[in-house]
Amino acid sequence: MTRRLDENYTTELKCYLNHDSAWQLLFATILSAQCTDARVNVVTAELFVKYPTLEAFAKADLRELEKDIHSTGFYHNKAKNIIACANELLERHGGVVPSDIDELTALSGVGRKTANVIRGNIYHIESIVVDTHVKRISYKLGLTKQTDPELIEYDLMKVVPKDHWILYNIQIIRLGRSICFARNPKCEECFLSDICKHPG
(Lines give C-alpha, C1' and ligand atoms only; values in the text may rest on other atoms or scores of the structure.)
Protein backbone atom coordinates (compact mmCIF):
# COMPACT_ATOMS: atom_id res chain seq x y z
CA MET A 1 0.00 0.00 0.00
CA THR A 2 2.68 2.53 0.96
CA ARG A 3 4.59 1.70 -2.22
CA ARG A 4 1.54 2.56 -4.32
CA LEU A 5 0.95 5.76 -2.36
CA ASP A 6 4.59 6.74 -2.93
CA GLU A 7 4.33 6.00 -6.66
CA ASN A 8 1.12 7.98 -7.13
CA TYR A 9 1.77 10.84 -4.72
CA THR A 10 4.77 12.78 -3.59
CA THR A 11 7.02 11.57 -0.81
CA GLU A 12 7.69 15.22 -0.01
CA LEU A 13 6.66 16.24 3.51
CA LYS A 14 4.19 18.93 2.53
CA CYS A 15 2.12 20.84 5.06
CA TYR A 16 -1.12 22.23 3.66
CA LEU A 17 -1.43 24.95 6.31
CA ASN A 18 0.63 28.09 5.65
CA HIS A 19 2.90 29.12 8.52
CA ASP A 20 6.26 30.74 9.31
CA SER A 21 6.70 29.43 12.83
CA ALA A 22 5.71 26.61 15.16
CA TRP A 23 3.12 28.69 17.00
CA GLN A 24 1.55 29.83 13.72
CA LEU A 25 1.15 26.21 12.65
CA LEU A 26 -0.28 25.38 16.07
CA PHE A 27 -2.94 28.09 15.81
CA ALA A 28 -3.68 27.31 12.16
CA THR A 29 -4.25 23.67 13.11
CA ILE A 30 -6.60 24.68 15.92
CA LEU A 31 -8.52 26.76 13.36
CA SER A 32 -8.64 23.84 10.91
CA ALA A 33 -11.02 21.79 13.08
CA GLN A 34 -14.21 21.30 11.02
CA CYS A 35 -12.80 23.72 8.43
CA THR A 36 -10.89 23.37 5.17
CA ASP A 37 -7.19 24.13 4.99
CA ALA A 38 -7.91 26.52 2.11
CA ARG A 39 -10.28 28.60 4.26
CA VAL A 40 -7.81 28.61 7.17
CA ASN A 41 -5.04 29.85 4.88
CA VAL A 42 -7.25 32.73 3.72
CA VAL A 43 -7.99 33.70 7.33
CA THR A 44 -4.42 33.36 8.64
CA ALA A 45 -2.99 35.43 5.78
CA GLU A 46 -4.52 38.48 7.51
CA LEU A 47 -4.61 37.10 11.05
CA PHE A 48 -0.85 36.60 11.36
CA VAL A 49 -0.27 40.16 10.12
CA LYS A 50 -2.73 41.61 12.63
CA TYR A 51 -1.31 39.46 15.44
CA PRO A 52 2.38 39.05 14.53
CA THR A 53 3.57 37.62 17.87
CA LEU A 54 2.45 35.26 20.62
CA GLU A 55 2.21 38.28 22.90
CA ALA A 56 -0.25 39.91 20.51
CA PHE A 57 -2.47 36.82 20.57
CA ALA A 58 -2.16 36.57 24.36
CA LYS A 59 -3.46 40.14 24.72
CA ALA A 60 -6.09 39.86 21.98
CA ASP A 61 -9.65 40.96 22.68
CA LEU A 62 -11.84 37.84 22.66
CA ARG A 63 -14.75 39.38 20.76
CA GLU A 64 -12.46 40.93 18.16
CA LEU A 65 -10.59 37.66 17.62
CA GLU A 66 -13.91 35.87 17.24
CA LYS A 67 -14.78 38.26 14.40
CA ASP A 68 -11.35 37.74 12.82
CA ILE A 69 -11.77 33.93 12.69
CA HIS A 70 -15.56 33.78 12.30
CA SER A 71 -15.49 32.11 8.88
CA THR A 72 -13.58 29.06 10.21
CA GLY A 73 -16.57 28.00 12.32
CA PHE A 74 -16.75 27.21 16.05
CA TYR A 75 -15.14 30.61 16.50
CA HIS A 76 -16.18 31.07 20.16
CA ASN A 77 -14.18 28.07 21.37
CA LYS A 78 -11.35 28.56 18.88
CA ALA A 79 -10.80 32.20 19.89
CA LYS A 80 -10.92 31.37 23.60
CA ASN A 81 -8.50 28.46 23.17
CA ILE A 82 -6.03 30.41 21.02
CA ILE A 83 -5.80 33.26 23.54
CA ALA A 84 -5.42 30.78 26.42
CA CYS A 85 -2.87 28.74 24.47
CA ALA A 86 -0.79 31.82 23.67
CA ASN A 87 -0.68 32.71 27.37
CA GLU A 88 0.21 29.14 28.34
CA LEU A 89 3.05 29.02 25.83
CA LEU A 90 4.47 32.28 27.19
CA GLU A 91 4.01 31.42 30.87
CA ARG A 92 4.93 27.70 30.85
CA HIS A 93 7.27 27.31 27.90
CA GLY A 94 8.96 30.67 27.42
CA GLY A 95 7.14 31.18 24.12
CA VAL A 96 8.47 27.95 22.62
CA VAL A 97 6.03 25.33 21.31
CA PRO A 98 6.99 22.05 23.03
CA SER A 99 7.62 18.79 21.18
CA ASP A 100 6.47 16.46 23.96
CA ILE A 101 3.05 14.94 23.29
CA ASP A 102 1.88 15.36 26.90
CA GLU A 103 3.03 18.98 27.11
CA LEU A 104 1.33 19.75 23.79
CA THR A 105 -1.99 18.12 24.70
CA ALA A 106 -1.96 20.00 28.01
CA LEU A 107 -2.31 23.25 26.04
CA SER A 108 -5.79 24.74 25.53
CA GLY A 109 -7.45 23.55 22.34
CA VAL A 110 -4.74 21.00 21.54
CA GLY A 111 -5.66 17.35 21.08
CA ARG A 112 -3.57 14.49 19.72
CA LYS A 113 -4.24 15.42 16.09
CA THR A 114 -2.96 18.97 16.55
CA ALA A 115 -0.07 17.78 18.69
CA ASN A 116 0.99 15.26 16.04
CA VAL A 117 0.82 17.91 13.30
CA ILE A 118 3.36 19.92 15.31
CA ARG A 119 5.53 16.92 16.17
CA GLY A 120 5.64 15.71 12.57
CA ASN A 121 5.92 18.99 10.66
CA ILE A 122 8.00 21.09 13.06
CA TYR A 123 10.10 18.56 14.96
CA HIS A 124 10.10 15.71 12.40
CA ILE A 125 9.13 13.19 15.04
CA GLU A 126 7.38 10.19 13.50
CA SER A 127 3.69 10.85 14.18
CA ILE A 128 0.39 9.79 12.65
CA VAL A 129 -2.17 12.55 12.22
CA VAL A 130 -5.74 11.24 12.26
CA ASP A 131 -7.94 13.76 10.46
CA THR A 132 -11.28 13.13 8.74
CA HIS A 133 -9.62 11.74 5.58
CA VAL A 134 -7.36 9.37 7.50
CA LYS A 135 -10.22 8.23 9.74
CA ARG A 136 -12.57 7.47 6.84
CA ILE A 137 -10.11 5.99 4.34
CA SER A 138 -8.20 3.90 6.87
CA TYR A 139 -11.50 2.23 7.77
CA LYS A 140 -12.33 1.65 4.10
CA LEU A 141 -8.92 0.04 3.60
CA GLY A 142 -9.53 -2.26 6.57
CA LEU A 143 -6.61 -0.82 8.56
CA THR A 144 -8.82 -0.09 11.58
CA LYS A 145 -12.30 -0.78 12.87
CA GLN A 146 -12.10 1.94 15.49
CA THR A 147 -13.98 5.24 15.46
CA ASP A 148 -11.99 7.01 18.18
CA PRO A 149 -9.09 8.97 16.59
CA GLU A 150 -6.60 7.97 19.29
CA LEU A 151 -7.41 4.26 18.87
CA ILE A 152 -7.18 4.66 15.07
CA GLU A 153 -3.75 6.24 15.56
CA TYR A 154 -2.57 3.21 17.57
CA ASP A 155 -3.96 0.78 14.97
CA LEU A 156 -2.16 2.60 12.16
CA MET A 157 1.11 2.57 14.11
CA LYS A 158 0.98 -1.22 13.92
CA VAL A 159 0.47 -1.48 10.14
CA VAL A 160 2.02 1.65 8.59
CA PRO A 161 5.86 1.60 8.44
CA LYS A 162 7.28 4.15 10.87
CA ASP A 163 9.13 6.00 8.11
CA HIS A 164 5.71 6.66 6.51
CA TRP A 165 3.83 7.86 9.58
CA ILE A 166 4.08 11.55 8.66
CA LEU A 167 3.73 10.85 4.93
CA TYR A 168 0.62 8.70 5.37
CA ASN A 169 -1.53 11.66 6.38
CA ILE A 170 -0.25 13.82 3.50
CA GLN A 171 -0.85 11.08 0.93
CA ILE A 172 -4.27 10.06 2.28
CA ILE A 173 -5.39 13.70 2.22
CA ARG A 174 -4.50 13.79 -1.50
CA LEU A 175 -6.37 10.54 -2.09
CA GLY A 176 -9.40 11.84 -0.22
CA ARG A 177 -9.42 15.14 -2.12
CA SER A 178 -8.94 13.68 -5.60
CA ILE A 179 -10.44 10.17 -5.70
CA CYS A 180 -11.85 8.77 -2.46
CA PHE A 181 -14.54 11.36 -1.80
CA ALA A 182 -16.89 10.81 1.14
CA ARG A 183 -19.76 10.95 -1.34
CA ASN A 184 -19.46 9.34 -4.76
CA PRO A 185 -15.85 8.10 -4.57
CA LYS A 186 -14.18 7.39 -7.90
CA CYS A 187 -13.48 3.73 -7.11
CA GLU A 188 -12.84 2.93 -10.77
CA GLU A 189 -9.90 5.37 -10.74
CA CYS A 190 -8.46 4.29 -7.38
CA PHE A 191 -5.10 2.52 -7.37
CA LEU A 192 -6.03 0.90 -4.04
CA SER A 193 -9.44 -0.41 -5.12
CA ASP A 194 -8.30 -4.05 -5.18
CA ILE A 195 -7.36 -3.93 -1.50
CA CYS A 196 -10.26 -1.74 -0.35
CA LYS A 197 -12.49 -3.56 2.12
CA HIS A 198 -15.40 -1.12 1.91
CA PRO A 199 -15.64 0.28 -1.66
CA GLY A 200 -18.34 2.67 -2.75
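## Exercises on a predicted model

The structure holds 0 disulfides. The model is a predicted one, so let us work through it piece by piece.

**Exercise 1. Work out what the cysteine sulfurs are doing: how far is the sulfur of Cys 180 from the closest cysteine sulfur, and why is there no bond?**

Step 1. Start with Cys 15, which is in no disulfide; its nearest cysteine sulfur, in Cys 35, lies 14 Å away.

Step 2. Turn to Cys 180, whose closest cysteine sulfur belongs to Cys 190, at 6.2 Å.

Step 3. Apply the cut-off: a disulfide needs two cysteine sulfur atoms within 2.5 Å. The 6.2 Å between Cys 180 and Cys 190 is therefore too far for a bond.

Step 4. Add the surroundings. Cys 15 has 24% relative accessibility and counts as partly exposed, while Cys 180, at 9%, counts as buried.

**Exercise 2. Describe how helix H9 and helix H11 pack: at what angle, and how far apart are their axes?**

Step 1. Helix H9 spans residues 132-140 and helix H11 spans 165-178; they pack at about 80°, with axes 9 Å apart. H9 is therefore roughly perpendicular to H11.

Step 2. List who meets whom. From H9 come His 133, Val 134, Arg 136, Ile 137 and Ser 138. Their partners in H11 include Tyr 168, Ile 172, Ile 173 and Leu 175.

Step 3. Sort the contact of H9 with H11 by class: 6 residues are nonpolar, 4 polar and 2 charged.

**Exercise 3. Find the buried residues of H9, and say which helices they pack against.**

Step 1. The buried residues of H9 are His 133, Val 134, Ile 137, Ser 138 and Lys 140.

Step 2. Because they cover an arc of only 155° around the axis, they sit on the same side of H9.

Step 3. These buried residues pack against helix H10 (149-159) and H11.

**Exercise 4. Place Thr 114: is it buried or exposed?**

Step 1. Thr 114 is found in helix H8, residues 112-121.

Step 2. With a relative accessible area of 8%, Thr 114 is buried, because buried means under 20%.

Step 3. Leaving aside neighbours within four places in sequence, Thr 114 touches Leu 26, Thr 29, Ile 30 and Gly 109.

**Exercise 5. Look at phi in two loop residues: what is its value in Gln 34 and in Phe 74?**

Step 1. In Gln 34 phi is near 60°, a positive value in a residue other than glycine. Gln 34 lies in the loop between helix H2 (22-31) and helix H3 (37-50), and is exposed at 66% relative accessible area.

Step 2. In Phe 74 phi is near 50°, again positive in a residue other than glycine. Phe 74 lies in the loop between helix H5 (62-68) and helix H6 (75-93), and counts as exposed at 58% relative accessibility.

Technical notes. Residues numbered from 1 in each chain as written. Predicted model: local features only at pLDDT ≥ 70, side-chain atom pairs only at ≥ 80, totals over all residues. Heavy atoms only, no water. Axes fitted to C-alpha atoms, helices over the stretch in contact; angles between N-to-C directions. Helix = DSSP H or I, 4+ residues; strand = E, 2+ residues; numbered from the N terminus. Parallel < 35°, antiparallel > 145°, perpendicular 65-115°, else oblique. Contact = heavy atoms within 4.5 Å. Nonpolar A, V, L, I, M, F, W, Y, C, P; charged D, E, K, R; others polar. Buried < 20%, exposed > 50% of the residue type's maximum accessible area, 1.4 Å probe, protein only. Arc of directions from axis to C-beta.
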